[in-house]
Amino acid sequence: MIEKKTIIPKQVQIEMISSYKEHYSNIQKLMERRRKKTIMEKNYIQVSALNNYIKLLIDDSSFLQKVYLKGEISNFKNHMSGHLYFTLKDEEARISAIMFRNKTIDLKFTPEDGKKVLVEGRISCYPSQGTYQIYVDKMEEDGLGNLYVLYEELKSKLQKEGLFDTFHKKRIPKYPEKIGIITAPTGAAIKDILSTLKRRYPIAKTILFPALVQGNSAAADIARQIENAKNYDLDILIIGRGGGSIEDLWAFNEEIVARAIYNCKIPTISAVGHEIDFTISDFVADLRAPTPTGAAELATPTIEEVKNTINNFKSELNHLIKNKLNTLDHQLKQVKNSYILKNPSMLYEIKIQKLDYLSEQLNQALMKHIIQKKADFDKISNSYILKNPLLLYQNHQENLNNIANRIEIDIKRILEQKSHQLNLKINTLKLVNPLNILEKGYSLIKKDQELIKSIKEVKPKDIIEIQMKDGSITASIKEVK
């Protein structure tokens, strides 16, 4: 954003300075005469007179009638009268400010504490309090203030999404072999990183991914190089640049860069600006370095650290080997001093004794088995069936005869039951047989093999069949007059 300034020709500036010096000299002479007169006459003046005099001096200065200031609003108060009272401050100083109601009509934003602003106005003294202040004619948001708002909004958004959570952070390898660097190919940052790496850990291989680090296209270029770095089997990726204003560092506050770092599988170190500079990239990266040089230091150990580590490993290994040797030596001495080794025949004697014991147990088991089998054989040999084999056949024959007799009895019983049931069925059928009525002198009359139940079913000249108990008669229907 272009900062507003009063442009005064050089000649006019010289004349203004000369006029100011002359005017100031006259004021000094006047004050000196009054001081001497006051000392001589002790002519005391009131505080209000002094403050009014100071106000006159300030109001009389053309330099203070149109000033342009930038700073941050604090102690803001919107009075019921419509006038705005606040303090304008920077890191080192502050000044009271007032903006009258008729000047606030053109405001395009709502003033509040913490906002960065650009103001235009005049400096004057407030006699009743003896303080000087700026009477603001115009005020607008500072471009840096707008960037800070965007920065806070994106930071809050990404934090809610979990992009800053520590459990997402990857561990930075202690002894990297390949280190990628995304920064401008020229400038102090790349020189500081490479010189630090060479001094601390020269065995590491470095790969530069040149990228724009400032300007409208910088964010997209940085994100593209982060994606490109995934193809180089890197152990660590350093992303950063040297110091600058918030506008200069803004590419590292862009969402596209933040998401590219978050999605990167390589452990990343953010090294943007100076120690006091914080960007969105610092919060998303796995590790934040205060400077590019600090990033190189965090990414690698020193040669001395590596040597110390090797010496520690060597000492620890020697200690472990010594302990192992002592343990084995102790075990060897125990074996050498063992009673069995000094009297090896005892080991042989124990084996012989055990062999005798096992042989005896085997013999006893064999004898027991033989006795059992002999008893089984004698039992079979002396069995009654073996001595009288025909008895087994006779027993089977007797069983077969018994079974045949039982079958014959069962068949007769079943036949009698079935015969009785058949007779019952025949008698039942006879009772319901319509032909039985013919035995009593009744007859059945049919026409076309159909039984006639009513005279309405026949007419003259119909041929009918009369069935009696001992035969059938064919007749013709005759009409009776």
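Which residues does Leu237 touch, not counting residues up to four places away in sequence? I began my notes with that. Leu237 touches Gly180, Ile181 and Ile182, then Ala229, and further on Cys264, Ile266, Pro267, Thr268 and Ile269. I note for myself that this is a predicted model.

**Entry: the whole chain**

I looked up the overall figures next. The protein chain has 481 residues, and 26% of them count as buried. It holds 13 helices and 14 strands. I then checked how contacts spread along the sequence. Taking contacts with a separation of 6 or more, 60% are between residues 24 or more positions apart. The chain exposes about 34800 Å². Carbon and sulfur atoms supply 57% of that area.

**Entry: the cores**

I went back to Leu237 and asked where it belongs. Leu237 is one of the residues with the most contacts inside the largest nonpolar core, which has 35 residues. The others listed with it are Ile182, Ile222, Ile226, Ile239 and Ile280. I looked up which elements supply this core. Helix H3 (143-161), helix H5 (218-229), H6 and helix H7 (280-284) each give at least two residues. So much for helices; strand E7 (205-210) and E8 also give at least two each. Which element gives the most to this core? H5 does, with six residues. I also found a second, separate core of 18 residues. Phe86, Leu107, Ile134 and Met139 are among its members. A general remark fits here: in soluble globular proteins, nonpolar side chains tend to be buried together.

**Entry: Asn253**

I picked a polar residue for contrast. Asn253 sits in the loop between strand E8 (236-241) and helix H6 (255-263). Is Asn253 buried or exposed? Its relative accessible area is 5%, so it counts as buried, the cut-off being under 20%. I looked for what surrounds it. Leaving aside neighbours within four places in sequence, Asn253 is in contact with Tyr151, Leu154, Thr279 and Ile280. One of these contacts I checked atom by atom. A polar atom of the Asn253 side chain lies 2.9 Å from the backbone nitrogen of Ile280. Ile280 is also among the residues with the most contacts inside the largest core.

**Entry: helix H8**

I turned to H8, residues 292-299. Pro292, Gly294, Ala295, Ala296 and Ala299 are buried in this helix. What covers them? The cover includes helix H4 (188-200), E8 and strand E9 (268-272).

**Entry: the barrel**

I traced the strands next. Five of them close into a barrel, in the order E1-E2-E3-E5-E4, with mixed pairing. Neighbouring strands of this sheet are turned by 50 degrees against each other on average, direction ignored. Helix H2 (residues 47-59) packs on the sheet and touches E4 and E5. The direction of H2 makes about 130 degrees with that of E4.

I followed E5 on both sides. On one side, strand E4 (residues 116-126) and strand E5 (residues 131-141) pair in the antiparallel sense over 10 bridges. Tyr126 stands opposite Thr131, and Arg122 has Tyr135 as its bridge partner. These two strands form a hairpin with four residues between them. In the turn, Gly130 has a positive phi of about 70 degrees. With strand E3 (residues 94-99), E5 pairs in the parallel sense, over three bridges. There, Ser96 has Gln133 as its bridge partner.

**Entry: Thr131**

I stopped at Thr131, which is found in strand E5. How exposed is Thr131, given its relative accessible area? At 31%, Thr131 is partly exposed. Not counting residues up to four places away in sequence, Thr131 touches Ser124, Cys125 and Tyr126. I also took its distance to Ser96. The two are 35 residues apart in sequence and 8.4 Å apart in space, C-alpha to C-alpha.

**Entry: the open sheet**

Last, I looked up the sheet formed by E12, E11, E13 and E14. These four strands form an open sheet in the order E12-E11-E13-E14, with antiparallel pairing. Which strands stand at the edges? Strand E12 (450-451) and strand E14 (471-476) do, each with a single partner strand, so one side of each has no neighbour in the sheet. Strand E13 (residues 463-468) and E14 pair over six bridges, in the antiparallel sense. Across that pair, Ile464 stands opposite Ala475 in E14.

Key: Residues are numbered from 1 along each chain as its sequence is written. This is a predicted model: local features need pLDDT of at least 70, side-chain atom pairs count only at pLDDT 80 or more; totals for chains, interfaces and linings use all residues. Side-chain values use heavy atoms; hydrogens and water are left out. Two strands pair if DSSP finds at least two bridges between them. Axes are lines fitted to C-alpha atoms, for helices over the stretch in contact, and angles run from 0 to 180 degrees between N-to-C directions. Contact means heavy atoms within 4.5 Å. Buried means under 20% relative accessible area, exposed over 50%, partly exposed in between (1.4 Å probe, protein chains only). Accessible areas come from the Shrake-Rupley method with a 1.4 Å probe; for residues, only the protein chains shown count as cover. A polar contact is a pair of N or O atoms within 3.5 Å; within protein, one must be able to donate a hydrogen and the other to accept it, and residues adjacent in sequence count only if both atoms are side-chain atoms. A nonpolar core is a set of buried Ala, Val, Leu, Ile, Met, Phe, Trp, Tyr and Cys residues joined through side-chain atoms within 4.5 Å.
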